[in-house]
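User: Please take a close look at one packing contact in this model and at the sheets around it. I would like the criteria spelled out wherever a term depends on a cut-off.

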Amino acid sequence: MGYNYPHPKLYRELASWWPLLSAPEDYAEEAEFYRKTIFSFCSTTPKTTLELGCGGGNNASHLKKHFQMTLVDISPDMLAVSRSLNPECEHIQGDMRSVRLERAFDAVFIHDAIMYMTSETDLQQAIKTAFVHCKPGGVALFAPDHTRETFRPSTDHGGHDGHGRGLRYLEWNWDPDPHDSTYVADFAYLLREGEGEVRCEYDRHVCGIFGREAWIRIISEVGFQARALLFEHSEIEPGSCEVFLGLRPND
Ligand SMILES: C[S@@+](CC[C@H](N)C(=O)[O-])C[C@H]1O[C@@H](n2cnc3c(N)ncnc32)[C@H](O)[C@@H]1O
């Protein structure tokens, strides 16, 4: 198991801070969009869903009310965070490019973790993993933060307070080379623990970025029928973001 780029500190030694960067309750609206999409495109009522790159399990904390969820992530530290939020779900360590569970699900979901696929080869491998774990008549849903067409340099900030500690972050998305298949998300985390002590950590996330044509082509090449769908969310400008679907034909 290996990474093309160093795995962000956020998913290793800083994993326990994840719920203060990204709180489960903030995912309710988007998880509902993913649930509705899976229900609309599955040929039968979906009961089981595999999530690849589940991270801290924020989406899963909502989706588990509707599906039996199996959660895979490459990082044991992030799986530990998700296990404490979602103890009733099955958790498995694995790389979305190569993991093989030898069983199939009604739906396969890859949320923003797909952004860590930094080459077309990686992306193809992850989508192939989704295909082999998807039942005939089932659906795979891929939700990248950006495509080449929708990417704009941007900054964001946020964070939360927890028991005896707090986190605030600045996120800066920019693209050093618009001609390759990556951009970077540079993060500064301010971490407060104890009475008044705050430390700062810098963390670079190298993310993949692909055009719409590449998404549709790769999803089709592995054997799915490919679709693109506009993502709808009250905080996202209408028409500014797309998700991709792979419909696995009935045998
Ligand atoms: C932003 S977090 C996902 C958060 C998730 N969407 C949620 O709802 O909580 C991204 C995750 O992708 C995982 N990841 C990155 N590369 C991976 C790979 N090759 N296979 C599996 N997981 C991977 C990281 O370990 C990290 O936990």
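Analyst:
**The helix contact and its surroundings**

In H5, the residues Glu-120, Leu-123, Gln-124 and Ile-127 meet Ala-214, Ile-218 and Ile-219 of H6, where two residues are taken to be in contact if their C-beta atoms, placed from the backbone, lie within 7 Å. By class, this contact comprises 5 nonpolar, 1 polar and 1 charged residues; Ala, Val, Leu, Ile, Met, Phe, Trp, Tyr, Cys and Pro count as nonpolar, Asp, Glu, Lys and Arg as charged, and the others, Gly among them, as polar. The model is a predicted one, in which local features need pLDDT of at least 70 and side-chain atom pairs count only at pLDDT 80 or more, while totals for chains, interfaces and linings use all residues. Residues are numbered from 1 along each chain as its sequence is written.

The two helices, H5 (residues 120-132) and H6 (residues 212-221), pack with their axes 9 Å apart and at an angle of about 45 degrees. Helices (H or I, at least four residues) and strands (E, at least two) are DSSP runs numbered from the N terminus, and axes are lines fitted to C-alpha atoms, for helices over the stretch in contact, with angles running from 0 to 180 degrees between N-to-C directions. H5 and H6 are therefore oblique to each other, since angles under 35 degrees count as roughly parallel, over 145 as roughly antiparallel, 65 to 115 as roughly perpendicular and the rest as oblique. The crossing of H5 past H6 is right-handed, meaning that the near helix is turned clockwise from the far one by less than a right angle, whereas an anticlockwise turn would be left-handed.

H5 also lies across E1, E4, E5 and E11, running at about 145 degrees to E5. These strands belong to an open sheet of 7 strands with mixed pairing, ordered E3-E2-E1-E4-E5-E11-E10; two strands pair if DSSP finds at least two bridges between them. Strand E3 (90-93) and strand E10 (225-230) stand at the edges, each with a single partner strand, so one side of each has no neighbour in the sheet. From one strand to the next, the twist averages 20 degrees. E10 is joined to strand E11 (residues 242-247) by 6 bridges, the two running antiparallel, and Gln-225 stands opposite Leu-247 in E11. Helix H2 (residues 28-41) packs on this sheet as well, touching strand E1 (48-52), strand E4 (105-110), strand E5 (134-142), E10 and E11, and its direction makes about 150 degrees with that of E5.

A second open sheet is formed by 4 strands in the order E6-E7-E8-E9, with antiparallel pairing. Its edge strands, E6 (154-161) and E9 (197-208), each pair on one side only, and the twist averages 15 degrees from one strand to the next. E6 and E7 pair over 8 bridges, with Asp-161 opposite Gly-166 in E7, and Gly-166 has Arg-192 as its bridge partner in E8. In the hairpin of E6 and E7, with 3 residues between the strands, Gly-164 takes a positive phi near 75 degrees. E8 and E9 likewise form a hairpin with 3 residues between them, and Gly-194 in the turn has a positive phi of about 70 degrees. These two strands are joined by 12 bridges, and Asp-186 stands opposite Arg-204 in E9.
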